[in-house]
Amino acid sequence: MKTIFERPQSMTKAETHYCPGCTHGVAHRMVAEIVDELGIREKTVGIAPVGCSVLIYRYMDTDMQSAAHGRAPAVATGVKRVRPELCVYTYQGDGDLASIGMGEIVHAANRGEKITVVFINNAVYGMTGGQMAPTTMPGQKTTTSPKGRDVNWCGMPIRMSELLSTLRTPSFVVRSSLHTPHHIIQSKQALRRAFQYQLAGTCFSFVELLSICPTNWGITPVQSNKWLEETMLPYYPLGIFKTPEDK
Amino acid sequence: MPKILMKGAEAIGEAAIRAGCLSYFGYPITPQSEVGEYMSRRLPEVGGVFVQAESEVAASQMIYGAAGAGVRVMTTTSSPGFSLMAEAMSYIAASELPAVVVNIVRGGPGLGGILPSQGDYFQAVKGGGHGDYRCLVLAPATVQEFVECVMKAFPLAEKYLNPVLLIGDGMIAQMMEPVDFDAVKTEPQRDVEAWATTGCKDRPRNVVECLWLDPKLCEDFNFELIEKYKKMTAEDCYFEEYELDDQPEMVVVAYGTTSRIVRTAIEELRKDGYKIGMLRPITLFPFPFARLRELSETSHVKAFSVVEMSQGQMLEDVRWAIRDKFPVGFFCRMGGIVPSPEEVIDFLKQEFVTRGLKGAVS
Ligand SMILES: Cc1ncc(C[n+]2csc(CCOP(=O)(O)OP(=O)(O)O)c2C)c(N)n1
Ligand code: SF4
Ligand SMILES: [Mg+2]
């Protein structure tokens with residue numbers, strides 16, 4: 001019998017704790033598949049964030065380290081600099097990366113750390129119960145913006161891919177989405193390219209993945225995918241923002 | 001090797017390199033920026049890694065990462081920077097990683113000043129970051145001793161899988177003193193394959209983390225930490241006894257820079273016949289509680305004094321050590337002012353009077 005679908009070697013047998021419909025699981029799987037496909041399981045170190053995916057170290061069958069909230073790029077810097085032969089990636093949510101960890105991500109990118117960052121933008125703080133994130137959409141209701149994000153006081157959502165692509169240090173910066181199978185395939189291609197840049201020692205690589213959080217958005221997974229498409233996509237355009245070849 | 005004259009801050013960096021620490025992450029802050037400057041120049045020469053981080057928050061998280069990857073690593077900072085490292089210190093202790101951190105304490109609170117202080121004692125020995133954890137804390141008093149402590153710090157951190165914190169101040173970091181790097185040999189690094197993230201080749205994966213969703217497991221870990229700290233107390237509590245072997249009436253407790261001044265004061269007072277000596281803690285955690293208590297129970301010791309550049313932080317530990325058997329005299333200067341030998345001598349003479357001791361033989 002031909003096997004057409006199985007657990008990636010780089011994932012453990014642990015069951016994930018994610019809510020039904022959550023895209024964290026999809027993103028984990030893609031990362032694991034790429035680690036398998038590139039044959040780098042034995043030299044990969046993943047850095048876990050603080051957020052819903054804090055337990056990613058239970059799911060990835062590779063060496064893993066945890067980081068304090070937002071600090072994953074600094075922890076990854078520490079690992080990669082002292083063991084440059086390893087493949088080091090961080091996996092971070094939008095609260096983790098774009099709020100408390102803004103300093104760490106910008107400087108890791110600007111130093112051109114040869115690491116890969118997987119950035120899960122679900123426009124909300126998932127783990128702590130759906131508070132407003134720096135990426136929350138204008139007017140989006142959250143538990144700390146009960147009347148909707150008021151841009152007059154909270155500013156506009158931060159577009160991390162655009163922001164990082166303004167840095168003059170060569171890097172690979174791409175935004176993709178997880179709301180349809182087609183987009184998932186595209187996302188995986190972007191991720192593969194990001195890891196390849198790291199393996200070649202070329203540059204810092206950053207993959208933003210637009211994601212859903214049905215639980216805290218208060219709608220079904222199907223409605224969430226639709227909301228992502230209608231509300232987030234126009235503000236967070238997909239595509240490659242920067243490649244190391246750019247002048 | 002002959003002794004060479006070296007500035008404290010640079011000697012700290014060189015000692016780390018000689019101890020096999022080839023990675024340094026730091027952020028500049030007076031009065032210890034020279035450590036980073038030295039490392040930026042020396043580490044590339046020996047194939048090491050120097051990174052100037054964007055903040056102390058990041059520098060300390062970088063050493064968390066590097067320590068997790070199983071290499072000898074160090075960062076150095078001064079008080080305001082150490083506050084920013086509190087988060088990482090807690091994570092490093094909780095993840096049971098070896099790492100060496102130096103805090104060259106300056107006047108505080110707040111931005112404070114840049115001159116010598118001992119105001120970070122509580123922060124150093126009582127935890128500093130969140131949760132129940134301790135660093136093993138070394139407080140050398142000379143540049144030579146700093147070098148030796150840095151060299152010992154790495155094996156100690158590896159023995160206990162725990163951060164080791166060295167504290168000093170601008171006096172030691174900025175002063176030039178003769179040093180002999182061959183006075184101590186560093187033990188080689190222990191095997192890290194059982195826990196470090198070196199890539200899971202031919203072994204099960206290693207995970208460095210510190211989250212316990214089950215409170216029972218978190219409590220169990222806390223009990224393990226208690227055992228670890230007991231072992232430190234039993235095996236690695238260091239102190240120096242100065243002029244304590246001829247039945248002195250008074251024991252002064254001082255560490256680091258203030259111990260040097262107290263030493264001078266005692267030399268002078270002894271010329272006048274005062275029976276006085278000093279216990280100088282070298283480890284502030286574990287603290288020499290047992291030895292102080294023993295001294296308080298001898299028939300000849302009638303008084304204790306503490307000289308400190310803080311409002312009386314170590315004083316609390318000394319009082320606890322002797323269970324307040326005697327009132328403990330206390331003298332301090334703060335905010336960057338180092339006490340002069342004269343004022344310490346005056347204070348100690350006054351203590352002899354206040355406590356009704358014999359003092360000088362007339
Ligand atoms: C220093 C610190 N501050 C706050 C928290 C609480 N906290 C945990 S996760 C989180 C937000 C996570 O949101 P995000 O990064 O978007 O991840 P998601 O859960 O949405 O995947 C916060 C604020 C913490 N753990 N540590
Ligand atoms: S709260 Fe949101 S981000 Fe977290 S697991 Fe549930 S759906 Fe996913
Ligand atoms: Mg989020």
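**Exercise 1. Find which residue stands opposite Q65(A).**

Solution. Start from Q65(A): the residue opposite is V208(B), in strand 9 of chain B. Next, take the strands themselves, which are DSSP runs (E) of at least two residues, just as helices are DSSP runs (H or I) of at least four residues, both numbered from the N terminus. Strand 9 of chain B pairs with strand 2 (residues 63–66) of chain A in the parallel sense, over two bridges. Two strands pair if DSSP finds at least two bridges between them.

The model is predicted: local features need pLDDT of at least 70, side-chain atom pairs count only at pLDDT 80 or more, and totals for chains, interfaces and linings use all residues. Residues are numbered from 1 along each chain as its sequence is written, while chains are lettered from A and ligands numbered from 1 in the order in which they are written.

**Exercise 2. Describe the contact and the side of chain B that touches chain A.**

Solution. The contact takes 27 residues from chain A and 31 residues from chain B; two residues are in contact if their C-beta atoms, placed from the backbone, lie within 7 Å. On the chain B side, elements that each supply at least two residues include strand 2 (23–26), helix 5 (86–94) and strand 9 (207–208). Helix 3 of chain B gives the most, with eight residues. By class, this side has 17 nonpolar, nine polar and five charged residues. Here Ala, Val, Leu, Ile, Met, Phe, Trp, Tyr, Cys and Pro count as nonpolar, Asp, Glu, Lys and Arg as charged, and the others, Gly among them, as polar.

**Exercise 3. Place A74(A) and decide whether it is buried or exposed.**

Solution. A74(A) belongs to helix 3 (residues 72–82) of chain A. A residue is buried if 20 or more other C-beta atoms, placed from the backbone, lie within 10 Å of its own, exposed if 12 or fewer, and partly exposed in between. A74(A) is buried because 34 C-beta neighbours lie inside 10 Å. Leaving aside neighbours within four places in sequence, its contacts include E104(A) and A108(A) in chain A, and A58(B) and M62(B) in chain B.

**Exercise 4. State which residues come nearest to ligand 1, and the classes around each ligand.**

Solution. Of the 17 residues around ligand 1, G51(A), G93(A), G95(A), D96(A) and G126(A) come nearest. A residue is near a molecule if its C-beta atom, placed from the backbone, lies within 6 Å of it. The ligand 1 shell divides into seven nonpolar, eight polar and two charged residues. The shell of ligand 2 has six nonpolar, five polar and no charged residues, among them C19(A), H24(A) and N216(A).
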